[in-house]
Amino acid sequence: MMPDLGAPEMLLLMIRRTRAKKTGGPRCDLPLLLLLGLLIGDFSPSKAESCGGVVQGLNGTIESPGFPHGYPNYANCTWLIITGERNRIQLTFITLALEEDFDIVSVYDGQPSPGNLKMRLSGFMLPSPLVSSGSILALWFTTDFAVSAQGFKAVYEVLPSHTCGTPGVIP
C-alpha cells in the first residue's frame with residue numbers, strides 16, 4: 001500500500017521510478033533535484049491563503065486575498081454569491097490589477113461551469129458591470145507561481161426581481 005503523499009512528493013517518486021526503469025537503477029541528477037526542491041518549497045498547498053466561500057446579503061464586497069497589498073502565489077479561490085429566487089445580482093469591479101494572462105478572475109452566471117462563463121479578467125482593464133440572469137453568480141480567482149499585483153475588489157448588489165433590463169453586461 002502506498003503512503004499518502006502530497007503532489008510534490010508524488011512527483012519526485014514518479015521521477016525516481018521513471019529514471020530507475022530507464023537506466024536499470026537509481027540515478028541522481030543534481031540539477032533536477034535542485035529544481036524539485038524549489039518547487040516543493042513553493043508548491044505546498046499550505047502556503048496558499050484561505051479565500052472564497054458563500055456570500056449572501058443584499059450587497060457586499062469581494063476582494064482577492066491580501067488586497068490591496070498583493071495576492072499570494074498559487075491562489076485558488078471560488079466565491080458563490082447567492083440571493084433569493086427571482087432576484088438577480090449586479091457585480092461591479094472597482095479595482096483590477098492582475099498579472100496579465102497568468103492570474104485570472106473568471107465570472108460565471110450561475111455555478112462555475114464552462115457553459116456559464118461570462119467574463120475572464122486579467123490585467124488592469126476594468127470591465128463593465130455585469131448582471132446575472134438568476135440568483136447565483138460565481139467568481140473563480142486563480143494565480144500562478146510567480147508575479148503578483150495589487151489584486152481585485154468587486155462590489156455586488158442584489159436587484160429585486162421586478163428590476164427592468166436584460167441580464168448580461170450593462171451598456
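Two strands pair if DSSP finds at least two bridges between them. In this predicted model, strand β5 meets that condition with strand β6 (residues 117-121): four bridges join the two, and they run antiparallel. One point of reference along this pairing is Val107, which stands opposite Met119 in β6. Strand β5 also pairs with β8, again in the antiparallel sense, here over six bridges. On that side, Asp109 has Leu137 of β8 as its bridge partner.

With these neighbours in view, β5 itself is worth a closer look. Six of the six residues of this strand (residues 104-109) are buried, so β5 is largely enclosed by the rest of the structure. The side chains alternate in direction: Ile104, Ser106 and Tyr108 point one way, while Val105, Val107 and Asp109 point the other way, and all are buried.

A step back shows the setting of these strands. The chain has two helices and ten strands, and from the N terminus on the elements run α-α-β-β-β-β-β-β-β-β-β-β. Of its 171 residues, 35% count as buried. The chain exposes about 10,400 Å², and 59% of that area is supplied by carbon and sulfur atoms. Among contacts with a separation of 6 or more, 78% are between residues 24 or more positions apart.

The aromatic residues offer a good illustration of links across the sequence. The count comes to four aromatic pairs. In one of them, the rings of Tyr71 and Phe141 have their centres 5.3 Å apart and their planes at 90°; planes over 60 degrees apart count as edge-to-face, so this pair is edge-to-face. Tyr71 lies in the loop between β2 (59-63) and β3, and Phe141 in strand β8 (residues 136-142), so the pair ties together parts that are 70 residues apart in sequence. Both Tyr71 and Phe141 are buried. Phe141 also forms an edge-to-face pair with Phe152, at 5.3 Å centre to centre and with 75° between the planes. This second pair links distant parts of the chain, since Phe141 is in β8 and Phe152 is in strand β9 (residues 151-159), eleven residues apart. Phe141 has a relative accessible area of 0%, and Phe152 likewise counts as buried at 0% relative accessibility. Taken together, ring pairs link Tyr71, Trp79, Phe93, Phe141 and Phe152 into a cluster.

A covalent link comes next. A disulfide is a covalent bond between the sulfur atoms of two cysteines. The count for this model comes to one disulfide, formed by Cys51 and Cys77 with their sulfur atoms 1.8 Å apart. The link of Cys51 and Cys77 is left-handed, with -80° about the S-S bond. Cys51 lies in the loop between α2 (30-43) and β1 (53-55), and Cys77 in strand β3 (residues 76-82), so the pair ties together parts that are 26 residues apart in sequence. The surroundings of the two cysteines can be told apart by accessibility: Cys51 counts as partly exposed at 23%, whereas Cys77 counts as buried at 0%.

A last approach between separate parts of the chain involves Glu85, placed in the loop between β3 and β4 (88-97). Glu85 counts as exposed, because its relative accessibility is 72%. The C-alpha atoms of Glu85 and Ser135 are separated by 5.7 Å, although these residues are 50 residues apart along the chain.

Key. Residues are numbered from 1 along each chain as its sequence is written. This is a predicted model: local features need pLDDT of at least 70, side-chain atom pairs count only at pLDDT 80 or more; totals for chains, interfaces and linings use all residues. Side-chain values use heavy atoms; hydrogens and water are left out. A disulfide is a pair of cysteine sulfur atoms within 2.5 Å. Buried means under 20% relative accessible area, exposed over 50%, partly exposed in between (1.4 Å probe, protein chains only). Rings of Phe, Tyr and Trp (its six-membered ring) pair if their centres lie within 6.5 Å; planes under 30 degrees apart count as stacked, over 60 as edge-to-face and the rest as tilted. Contact means heavy atoms within 4.5 Å. Accessible areas come from the Shrake-Rupley method with a 1.4 Å probe; for residues, only the protein chains shown count as cover.
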